[in-house]
Amino acid sequence: MKYFLFIAGLIMINSGVSQIKKVPTEHVQTAIAKKVTPETPKGFQLPEGWIFNIMQHYCDSLKVPVEYIYDVGMNESGWKNPNDSNFIQGPDYVPRETSHGDLQMINPTWRIWAKRLNLKHKNRKNLLIACIAYQRYCYDIGGNWEKARYIYARGKWKPKSQWTKLEKRFMNKMDFEKY
């Protein structure tokens with residue numbers, strides 16, 4: 001299992017994840033420095049919860065549709081315990097597992113983005129910040145939110161005709177026309 005995770009990390013790094021150039025890190029650093037006071041969403045209304053206030057703030061700062069991030073989180077984790085700032089993955093959380101947080105970021109990607117964004121501790125808030133910034137990066141590569149979602153999950157885009165059953169299943173859970 002260790003070798004699989006190591007190889008998966010190398011694949012992510014070699015597929016361009018380590019070549020972070022387009023990320024608006026100054027926006028992330030500005031957002032991190034500001035007090036979190038979310039704007040009122042237009043149209044889509046987030047549920048109540050501490051994590052959603054954080055999400056709204058960073059989505060606004062990085063120009064990522066909050067509904068998109070919410071839907072990715074529903075797809076990945078279901079947004080469990082939204083008022084628990086210490087919650088990372090659930091009662092069975094083990095730090096050695098492969099993906100963490102509401103948006104299920106894998107360890108190699110977390111290490112790259114934590115360093116890039118100067119995030120010192122792996123906690124729910126920082127995982128969310130890194131995931132939103134990485135989603136923005138994926139959007140900058142792919143040019144739309146459907147491609148961003150696929151790149152986020154798989155490392156690089158491939159045509160729909162080449163998707164596996166699993167990829168079709170998780171990609172078809174979201175309506176990309178609304179972002």
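This passage describes the helices, the nonpolar core and selected residues of one predicted model.

The chain holds 179 residues, of which 47% are buried. Its secondary structure amounts to eight helices and two strands. In sequence order these elements follow the pattern α-α-α-α-β-β-α-α-α-α, with the two strands in the middle of the pattern and helices on either side of them. Among contacts with a separation of 6 or more, 57% join residues that are 24 or more positions apart.

In soluble globular proteins, nonpolar side chains tend to be buried together. In this model, the largest nonpolar core contains 44 residues. Met55, Tyr68, Ile69, Trp79 and Ile132 have the most contacts inside this core. At least two core residues come from each of helix 3 (50-62), helix 4 (66-76), helix 5 (107-117), helix 6 (124-142), helix 7 (145-154) and helix 8 (165-171). Helix 6 gives the most, with ten residues.

Two of the core residues named above can be followed through their contacts. With residues up to four places away in sequence left out, Ile69 touches Met55, Cys59, Val64, Trp79, Leu103, Ile132 and Gln135. Ile132 lies in helix 6. The relative accessibility of Ile132 is 0%, and this residue therefore counts as buried, the cut-off being under 20%. Under the rule that leaves out residues up to four places away in sequence, Ile132 touches Met55, Tyr58, Cys59, Leu62, Val64 and Ile69. Ile132 and Cys59 are separated by 73 residues in sequence, yet their C-alpha atoms are 6.8 Å apart in space.

Two packed helices are described by the angle between their axes and the distance between the axes. For helix 3 and helix 6, the axes come within 10 Å and cross at roughly 30°. Angles under 35 degrees count as roughly parallel, so helix 3 and helix 6 are roughly parallel to each other. Their crossing is right-handed. On the side of helix 3, the contact is made by Trp50, Ile51, Ile54, Met55, Tyr58, Cys59 and Leu62. On the side of helix 6, Arg124, Lys125, Leu128, Ile129, Ile132, Ala133 and Arg136 take part. By class, the residues of this contact divide into eleven nonpolar, no polar and three charged. An α-helix has 3.6 residues a turn, so residues three or four places apart point the same way.

Helix 4 and helix 7 form another packed pair. Their axes are 12 Å apart and meet at an angle of about 40°, and helix 4 passes helix 7 in a right-handed crossing. In this contact, Tyr68, Val72, Asn75 and Glu76 of helix 4 meet Trp145, Ala148 and Arg149 of helix 7. The contact of helix 4 with helix 7 has four nonpolar, one polar and two charged residues.

Helix 7 is largely enclosed by the rest of the structure, because seven of its ten residues are buried. These buried residues are Trp145, Glu146, Ala148, Arg149, Tyr150, Ile151 and Tyr152. They pack against helix 4, strand 2 (105-106), helix 6 and helix 8. Glu146 is placed in helix 7 and is one of its buried residues. Apart from neighbours within four places in sequence, Glu146 is in contact with Trp157, Lys160, Trp163, Met171 and Phe176. The C-alpha atoms of Glu146 and Glu177 are 8.8 Å apart, with the two positions 31 residues apart in sequence numbering.

Helix 5 is also mostly covered, with eight of its eleven residues buried. The buried residues of helix 5 are Asn107, Pro108, Thr109, Trp110, Ile112, Trp113, Ala114 and Leu117. Just after this helix, Asn118 adopts a positive phi of about 60°.

One of the residues in contact with Trp110 is Asn126, which is found in helix 6. Asn126 has a relative accessibility of 12% and so counts as buried. Besides Trp110, Asn126 touches Leu119, Lys120 and His121, not counting residues up to four places away in sequence.

How values were computed: Residues are numbered from 1 along each chain as its sequence is written. This is a predicted model: local features need pLDDT of at least 70, side-chain atom pairs count only at pLDDT 80 or more; totals for chains, interfaces and linings use all residues. Side-chain values use heavy atoms; hydrogens and water are left out. A nonpolar core is a set of buried Ala, Val, Leu, Ile, Met, Phe, Trp, Tyr and Cys residues joined through side-chain atoms within 4.5 Å. Buried means under 20% relative accessible area, exposed over 50%, partly exposed in between (1.4 Å probe, protein chains only). Helices (H or I, at least four residues) and strands (E, at least two) are DSSP runs, numbered from the N terminus. Contact means heavy atoms within 4.5 Å. Axes are lines fitted to C-alpha atoms, for helices over the stretch in contact, and angles run from 0 to 180 degrees between N-to-C directions. Angles under 35 degrees count as roughly parallel, over 145 as roughly antiparallel, 65 to 115 as roughly perpendicular and the rest as oblique. A crossing is left-handed if the near helix is turned anticlockwise from the far one by less than a right angle, and right-handed if clockwise. Ala, Val, Leu, Ile, Met, Phe, Trp, Tyr, Cys and Pro count as nonpolar, Asp, Glu, Lys and Arg as charged, and the others, Gly among them, as polar.
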